[in-house]
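Reader: Could you take a close look at one single part of this protein for me, and set it in the context of the whole chain? I work at the bench, so plain words are welcome.

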Amino acid sequence: MNFTLNQKPVAIDAPPEKPLLWALREDAALTGTKFGCGIAACGACTVMVDGQAVRSCVTPVSAVAGKAVTTIEGVGDKAPSPVQRAWIEQQVPQCGYCQPGFIMATTALLAKTPNPTDADIDAAITNLCRCGTYPAMRAAIKRAAELTKAGA
């Protein structure tokens, strides 16, 4: 399967039905994307495919052939992105396990909706966090929107 991974062309030799999550972790050795529930419910496995947030645990690798896949490793690879900076400022993570999925979902949201309302956030960010950091995440999403608008 040929696709672009974090802005670089890759060829992954995997069965077409293999979940993208496992192709990323096992074949591309990118372990930032996490396995959570395996049924697309929790969002720990969220990546972006052509700019859209996608649950990689239920996406066959064949579905991304010819497309651009961005993982947490591809966000802020030279310096923290506005979303990552906002996450740090708001001290969002507790255990941190689900955070890559939230950051990817937020990055996709802000690319499409630069000034999200609470309703926009509720509609777009359906990931689950067992630590209950939702209030800090909402504040971080709004701060990330400010940082993005300021070009910071």
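Author: Happily! Buried residues, meaning those under 20% relative accessible area with a 1.4 Å probe and protein chains only as cover, make up 42% of the 152 residues in the protein. This is a predicted model, in which local features need pLDDT of at least 70 and side-chain atom pairs count only at pLDDT 80 or more, while totals for chains, interfaces and linings use all residues. Residues are numbered from 1 along each chain as its sequence is written, and side-chain values use heavy atoms, with hydrogens and water left out.

Now to the part itself, Ser81. Ser81 sits in the loop between β5 (68–70) and α2 (82–89); helices here are DSSP runs of H or I with at least four residues, and strands are runs of E with at least two, numbered from the N terminus. With a relative accessible area of 12%, Ser81 is buried. Leaving aside residues up to four places away in sequence, Ser81 touches Val75 and Gly76, where contact means heavy atoms within 4.5 Å.

As for the setting, the protein has five helices and five strands. From the N terminus on, their order is β-β-α-β-β-β-α-α-α-α. The radius of gyration, taken over C-alpha atoms, is compared with a globule rule of 2.2 Å times the number of residues to the power 0.38. The protein's value is 15 Å, close to the 15 Å that the rule gives for 152 residues, so the protein is as compact as a globular protein of that length. Along its principal axes, the C-alpha trace spans about 40 × 30 × 25 Å.

Methods. Buried means under 20% relative accessible area, exposed over 50%, partly exposed in between (1.4 Å probe, protein chains only).
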